[in-house]
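Visitor: I'm new to this one. Could you take me in for a close look at the place where the ligand sits?

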Amino acid sequence: MTVMERLLAPDSPFQTRFYFLAKRFVPGETVESALDAVRKLNADGLTATLDFLGEDVTDIREAEQTRDAYHAMLDAIRQSGLRTNVSVKLTALGLLVDENVCAEFLAGIVEHAASLDDSFVRIDMEGSAVTSATLAVFERVYARHKNVGPVLQAYLRRTPTDVERAIELGARVRLCKGAYREPEDVAFADMPTIRKAFARSAEALLLAGNYPAIATHDDRLIDAVRAFTAEHGIANDRFEFQMLYGVRPDKQRELARAGYNVRVYVPFGTHWAGYFYRRLTERKENVYFVLRSLITR
Ligand SMILES: Cc1cc2nc3c(=O)[nH]c(=O)nc-3n(C[C@H](O)[C@H](O)[C@H](O)COP(=O)(O)OP(=O)(O)OC[C@H]3O[C@@H](n4cnc5c(N)ncnc54)[C@H](O)[C@@H]3O)c2cc1C
């Protein structure tokens, strides 16, 4: 374990005392604080997807707590009238404990979400050890409910096949680069190759997929998607851009003003360490930002 991993372990005192460091990326620890953030995003013409932070639960009781938190969140969204849907990690719903129970919990959330204006439930994608299991649970639930869709990670070598399958199913996909440390035989490691793979999958989804979400802050990919959709007459309401809360907020608003659908991923909850760690390790600018907030506090 590195020093950073030790500091960010769920039982570390760092987590409880140093939430202020994560605040740029995680607007709050309660659903009310997350909904406040969504209210501001909606006012700026952006939609959202709310994620109750947590992952890798090893006890079915913790998975039940996650399930219950999602049901409470869906009720709170309906009452608020805000424009947001939800994203969920299957390892937080017990995928590592019991795949059948996880599928049952997910189906319950998807059924409950069906009564909302934005009824879609996004399944976040985690490390490659659970890619197949995540997609298997997705397909089981999708067979009965169409308001659910997976994330596919462009850095994985398997992803073109998964993109083809999603297109065949008519499933809504969020395409991202991928945020987990993966072995070389499983995932590309260099950015030019990942960008090329992202662009190829994005093009396939834009041409034949069902309302794909292009999730990136990378100007080269955003510009390529804008050029590709203009060239192929793909209207702005056939796809959306997605970005993370606290990352490039000006770009999010610029795209919305230019007439694109933009959805912001808003994570909340007390289990922010794993998410925060991935944001720190993917860009050194994020580390500088956090160090600055320590000095200027
Ligand atoms: C909505 C959303 C959902 C996601 N869901 C998942 C998921 O389920 N599973 C998963 O594994 N990963 C997920 N990710 C994370 C994703 O896989 C990447 O790790 C993350 O988005 C970083 O890659 P990037 O393409 O955004 O840009 P990066 O690779 O971080 O940066 C590439 C380029 O983008 C530009 N750029 C980026 N940030 C800035 C900035 N702050 N200011 C100026 N320029 C900038 C720069 O030109 C930079 O060189 C998600 C990402 C998003 C946006």
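Guide: Sure, let's start with T216: an N or O atom in the T216 side chain lies 2.6 Å from an oxygen atom of the ligand, which makes a polar contact, meaning a pair of N or O atoms within 3.5 Å. Taken alone, the ligand exposes 940 Å², and the protein buries 83% of that; such accessible areas come from the Shrake-Rupley method with a 1.4 Å probe, and for residues only the protein chains shown count as cover.

Before going on, a word on what you're looking at: this is a predicted model, where local features need pLDDT of at least 70 and side-chain atom pairs count only at pLDDT 80 or more, while totals for chains, interfaces and linings use all residues. Residues are numbered from 1 along each chain as its sequence is written, and side-chain values use heavy atoms, with hydrogens and water left out.

Backbone atoms reach the ligand too. At G178, a backbone N or O atom is 2.6 Å from a ligand oxygen, and at M125 a polar backbone atom sits 2.8 Å from a ligand nitrogen. M125, G178 and T216, along with H217 and E282, come nearest among the 23 residues around the ligand, where being near takes a heavy atom within 4 Å.

As for the elements, β4 (148–153), β5 (174–176), β7 (240–244) and α12 (273–282) each supply at least two residues of that shell. The biggest giver is β7, with three residues. Helices here are DSSP runs (H or I, at least four residues), as are strands (E, at least two), numbered from the N terminus.

Definitions and conventions:
Polar contact = N/O pair within 3.5 Å; in protein donor to acceptor, adjacent residues only side chain to side chain.
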